[in-house]
Each structure stands twice: as C-alpha cells, then as structure tokens.
Amino acid sequence: MSMLIFQIPEEMQAWALAQRAAGLRIGLVPTMGYLHAGHLSLIDAAKKRSDVVAVSIFVNPVQFGPNEDFAKYPRDEARDLALCREAGAAAVLLPPVAAMYAPDASVYVTEERLGNGLCGARRPGHFRGVCTVVAKLFNIALPHVAVFGQKDYQQAAVIRRMVRDLNFPLEVVVAPIVREADGLALSSRNVYLVGDERARALGLSRALQVASEAVAAGPCAAGEVRGRMAEVLERHALKVDYVEIVDAETLEPAAAAARGHVALIAVYCGRTRLIDNRVL
Ligand code: AMP
C-alpha cells in the first residue's frame, strides 16, 4: 500500500476517521523530522501495537524559545518521507505552520507540575508548546496508541499526565533510547556537532554510566552522585545546564540515588544543547 502524505490536518483527520470506521487501530508517532534510527524504532513499536501507523513531521514553533534553534532546526523532508515509507508508515502529516496555528490561535494546554523543573525550568514555555501540539496531533490523527521516546523523559511524563488528566482515549507507549555504538543517544541535533564536539558529547552517556555504577554498589547520597557526574561532564568540556536525580514518577529531586530513580542531564556542547537520561 502506498503511503499517504497530508499537509492539511483536516484531511488526515478524515483519513483517521475512515480507518476507525473500518475497525483499524491507529498508531501515532509525533516527530520534528530529520529522522534517525531512534524515530524508526518508535515507528516499529507503533506497528506492533496498531494496524496503521501515522507519523507527524512538524517543527513546532510554539515549543521553541525566542533564542532557540527553531529557524535552523535541521530539515530534510524528502529523506524523511523515504524513511517513513521504508518503515511501513501508512500516512504522514507534514503540515505548514499556518495549517497548524491560526494567526489568532488563543488556546494552549499547560501541565502544571511535572513540567516545572529540569527542561521546563530552563526552557520557559517549552512544555506548553509540546502539550499544545501533541493535543492537536491527537485530535488530528485520532490514535489508539501514541509512541514517544524515553530520550525525552520529562516530555513523556508530561504527556502521560496530559493524557490522564484530560481523558484522551489512547494509550501512551514510551520506547527505549536508541544509541550509537559508542553510547551517544541519537538526536536530530547531533548534526550540529562539529570538530571535537562529537567526541566530547560522549560525556553524557559516560556520566550516566558512572551514576548507574555508583547506584549498583548501593544507595548513596544524590549530591555525591551528581558531583561525580558533573566531574565527568567537565572532563569532556561540557557546560552543565542541569544534572539531576529524580523520582521516576513525580520527577521530584531525590535525596538518595537509588535503583529506579532517573538520572537526567542537559549540557551545552559548544552551542548545541544535548540531553540524555538513564533509569538507575
Ligand atoms: P524529536 O523529533 O526529537 O522531537 O523526537 C520525536 C520523538 O522521537 C520523541 O518522542 C523523542 O523522544 C523520540 N526520540 C528522539 N531521539 C530518540 C532516541 N535516540 N531513541 C528513542 N527515541 C528517540
């Protein structure tokens, strides 16, 4: 079956309604494009749980701050469409910004607890943009199941909470982080890394490894583990945005680093902001 490409949200919605009327289960994979193996693993996970997979490719301006990389975010629509086709997507939504946001749009979705710390504290308005666009995508693609990556741990938690608290009739699945052989988590933003930055970026996964080893040896003070993580990051000349150890559900800072907690990192590698995390 050939893959459908929609630029108009209402047209994908009509398609989704027809799939549902035919008794088919819809899986949705929201992305900002410039697809890599991490995104493809989400499409695979969606295929296992549905009959037809819809992928959205939309660089959402509302989730970017004024000094962030919206304008230069990497884009390659032709390649993305080929990858979606190869991965077996049934339909792709590739809307222009104007098709997603009316000039006088005035309704936004905010989550008021899980999104306050970590990336939410450093990127004001980010999760408001994420929740708003994901709520819109849910209403457009009408999925039975939506798949997100653990790479964006806080985002997945915020979306789960939105789905629960606003009664979206769908299941949220969170798929594991796909990494390069040397440990670097795949990210569309890795294309920004130049010179020795690619090698220095390994500091993130190495710091998470150090945290994991520390906890495997027995519970220890979170401050102690965060300090060891920060040392690894500094050795790789990475500028720390945050290093946290939090409760896996509430995302509240943990006093002790213990199994089941999550270590999360955001750093600047040169001008590129990178995030990574690991369940300890
Ligand atoms: P993005 O295009 O970066 O907005 O990401 C779209 C989806 O892919 C989100 O649910 C991300 O968490 C997920 N994702 C991004 N990178 C990875 C990765 N390395 N492994 C698994 N999922 C990922």
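Which residues of H9 are buried? Keep that one in mind while you load the model, which is a predicted one.

**Stop 1: helix H9**

Select residues 202-216. That's helix H9, with 15 residues. Draw a distance from its first C-alpha to its last and you get 21 Å, close to the 21 Å expected at 1.5 Å a residue.

Now for the opening question. Color these by burial: Leu202, Gly203, Leu204, Ser205, Ala207, Leu208, Ala211, Ser212, Ala214 and Val215 are the buried residues of H9. As you look along the helix, remember that an α-helix has 3.6 residues a turn, so residues three or four places apart point the same way.

What do the buried residues of H9 pack against? Switch on the helices H8 (197-200) and H10 (222-235), then the strands S7 (220-221), S9 (256-257), S10 (262-269) and S11 (272-279); these are the packing partners.

Before you leave, click on Gly218, which follows H9: its phi is positive, near 130°.

**Stop 2: the ligand**

Next, select the ligand and the 17 residues around it. Which of them come nearest? Label His39, Gly149, Asp152, Val178 and Leu186 for that.

Three of the polar distances are worth drawing:

- Asp152 puts a polar side-chain atom 2.7 Å from an oxygen atom of the ligand.
- Gly149 has a polar backbone atom 2.9 Å from a ligand oxygen atom.
- Val178 has a polar backbone atom 2.9 Å from a nitrogen atom of the ligand.

Try a surface on the ligand next. On its own the ligand exposes 480 Å², and the protein buries 93% of that.

Where does the shell come from? Show strand S2 (26-31), helix H2 (37-49) and strand S5 (145-149), the elements that each give two or more residues to it. H2 has the largest share, with three residues. If you color the shell by residue class, you'll get nine nonpolar, six polar and two charged.

**Stop 3: Gln63**

Last, head for the loop between strand S3 (52-57) and helix H3 (77-87), and select Gln63 there. Is Gln63 buried or exposed? Gln63 counts as buried because its relative accessibility is 9%, and the cut-off for buried is under 20%.

Show side chains here and you can draw a polar contact of 2.9 Å between those of Gln63 and Asn60. Then expand the selection: leaving out residues up to four places away in sequence, Gln63 touches Met32, Glu68, Arg123, His126, Gly129, Val130 and Val133.

Notes: Residues numbered from 1 in each chain as written. Predicted model: local features only at pLDDT ≥ 70, side-chain atom pairs only at ≥ 80, totals over all residues. Heavy atoms only, no water. Near = heavy atom within 4 Å. Polar contact = N/O pair within 3.5 Å; in protein donor to acceptor, adjacent residues only side chain to side chain. Areas by Shrake-Rupley, 256 points an atom, 1.4 Å probe, with all protein chains shown as cover. Helix = DSSP H or I, 4+ residues; strand = E, 2+ residues; numbered from the N terminus. Nonpolar A, V, L, I, M, F, W, Y, C, P; charged D, E, K, R; others polar. Expected span 1.5 Å × (residues − 1). Buried < 20%, exposed > 50% of the residue type's maximum accessible area, 1.4 Å probe, protein only. Contact = heavy atoms within 4.5 Å.
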